[in-house]
Amino acid sequence: MTETIMRLLTRLSEAGDDAILPGELAAPFFGPVFDRLLAKRVLVEQAPLTDWEVCDACECGLPCRPIRKAGDGYRAECPLDRRHDIDLTEDDLREFRIGAAALASVIGAAAGFGAAPKLAAEKVWRLGDTPSGRAVFLVLESAALTGDGIIASLRQAAQGSDITILAPQLPAEAAQRHHDAGFHVIETLGVLMPASDGLGVAIEVADLAPIPLTPVLRVRRATAEVQWDGRSVILSRQIFPVFERLLEKALSRDQVASGSHVEGTTAREAKDLIRELRDAFKAAGFTDGESKALIETVRNRGYRLGVQASDIVVDG
């Protein structure tokens, strides 16, 4: 329930100062959660409505029609056709303004930031910094990111940190401009999720950083699978330990594995083990040149993987 209303409020807040939650939309959420939002001033109740919109294509000439008490309820009466009267409840007359700063605080808390958000630019809040050092900003209405000078303002507020912006869906031109500036822009609604206790909303810190580029080499130890350049090979349990020895060195300072390191505790020579390993890649569809490019021979020293450590991901 909390996640649903938070999503609704976040979407409605895109209207800026005119962000209003009408009673007819709010009614399903009335209860303890709604009362907490009122207490936090995420929602601020306005005076009850005294008039209602006119009928579609009505020729009465009125800007709106008055709401009158009718028994236990209320009625918005059409002066020309009683069939177009609308019966209303007391809840229908309630109206709530969305408090942008308070909503920003709730979203910041959902992402795990303990301190209150700080206004970094007009209608832009700095929620805090992730453990990896990214400065996270929240924008509730896209217009706040289209003005002149906003990129410079965010950079100044971030003080040299990488920047992530939580925002509504931006116009293509604005999104491209912030992307070109090196900012990571993500839709707020895309990362809001129910909290594990079911009582609130949460944002995973990992979702606040860009997804890394697909690694050149991925190794899944549990299945002895190696993915390279979009292709995959599952190595036998006999030859996978040889690959693991190369992998160990690739992730260390000295990336070259000596012959004795490749051999490990086996009685076979390193050159035979490397040949068998390359053959396993060729059997999976890699060319001879590709297998030798992945498993390189370093003259007079040994062997190494032809992939940078930063392009290797190991699962398990």
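Is Asp85 buried or exposed? Hold on to that one for a moment, everybody, and I'll come back to it once we have the whole chain in view. One thing to say up front: this is a predicted model.

Let's start with the overall picture. The protein chain has 11 helices and 20 strands. Its radius of gyration is 30 Å, and the globule rule gives 20 Å for 316 residues, so the chain is more spread out than a compact globule. You can see that in the extents too: along the principal axes, the C-alpha trace spans about 100 × 40 × 35 Å. Of the 316 residues, 39% are buried. If you take contacts with a separation of 6 or more, 52% of them are between residues 24 or more positions apart. And for those of you who like surfaces, the chain exposes about 17500 Å², with carbon and sulfur atoms supplying 49% of that area.

Now, back to Asp85. With a relative accessible area of 16%, Asp85 is buried, because the cut-off for buried is under 20%. Its salt-bridge partner is Arg82, and the closest N and O atoms of the two are 2.6 Å apart. Arg82, on the other hand, is exposed, at a relative accessible area of 56%. So this salt bridge joins a buried acid to an exposed arginine.

How many salt bridges are there by this rule? The count comes to 23. As a reminder, side chains of opposite charge can pair when their charged atoms come close. Let me show you two more pairs. Arg275 and Asp272 meet through their side chains, with 2.9 Å from N to O. These two are three residues apart in helix H10, residues 270–283, so about one helical turn separates them. Both ends are partly exposed: Arg275 has a relative accessible area of 46%, and Asp272 has 22%.

The other pair is Glu296 with Arg304, a salt bridge at 2.8 Å, N to O. Glu296 is partly exposed at 23% relative accessible area, and Arg304 also counts as partly exposed, at 33%. Then there is a network: Arg218, Arg220, Glu225 and Asp315 are joined by salt bridges that share partners.

Keep Glu225 in mind, since it takes us to the sheets. There is an open sheet of four strands in the order E17-E16-E15-E20, and its pairing is mixed. At the edges are E17, residues 231–234, and E20, residues 312–315, each of which pairs on one side only. From one strand to the next, the twist averages 15°. Strands E16, residues 225–228, and E17 pair in the antiparallel sense over four bridges. Which residue of E17 does Glu225 stand opposite? That residue is Ile234. Helix H8, residues 240–250, packs on this sheet, where it touches E15 (217–220), E16 and E20. The direction of H8 makes about 130° with that of E15.

We also have an open sheet of four strands ordered E3-E4-E5-E6, this one with antiparallel pairing. Its edge strands are E3, at 51–52, and E6, at 86–88. Strand E5, residues 73–76, is joined to E6 by three bridges, and Arg75 stands opposite Asp87 in E6.

Next, a quick stop at helix H4, residues 100–110. Its buried residues are Ala102, Leu103, Ala104, Val106, Ile107, Gly108 and Ala110. Just after H4 comes Gly112, with a positive phi of about 90°.

And finally, a glycine in a loop. Where is Gly285 found? It lies in the loop between H10 and helix H11, which covers 288–294. Gly285 and Val233 are 52 residues apart along the chain, while their C-alpha atoms are separated by 8.7 Å. Leaving aside neighbours within four places in sequence, Gly285 is in contact with Arg231 and Glu290. Arg231 brings us back to the mixed sheet, as strand E17 runs 231–234.

That's my tour, so over to you for discussion.

Conventions. Residues are numbered from 1 along each chain as its sequence is written. This is a predicted model: local features need pLDDT of at least 70, side-chain atom pairs count only at pLDDT 80 or more; totals for chains, interfaces and linings use all residues. Side-chain values use heavy atoms; hydrogens and water are left out. Two strands pair if DSSP finds at least two bridges between them. Axes are lines fitted to C-alpha atoms, for helices over the stretch in contact, and angles run from 0 to 180 degrees between N-to-C directions. Contact means heavy atoms within 4.5 Å. The radius of gyration is taken over C-alpha atoms; the globule rule is 2.2 Å times the number of residues to the power 0.38. Buried means under 20% relative accessible area, exposed over 50%, partly exposed in between (1.4 Å probe, protein chains only). Accessible areas come from the Shrake-Rupley method with a 1.4 Å probe; for residues, only the protein chains shown count as cover. A salt bridge is a side-chain nitrogen of Lys or Arg within 4 Å of a carboxyl oxygen of Asp or Glu.
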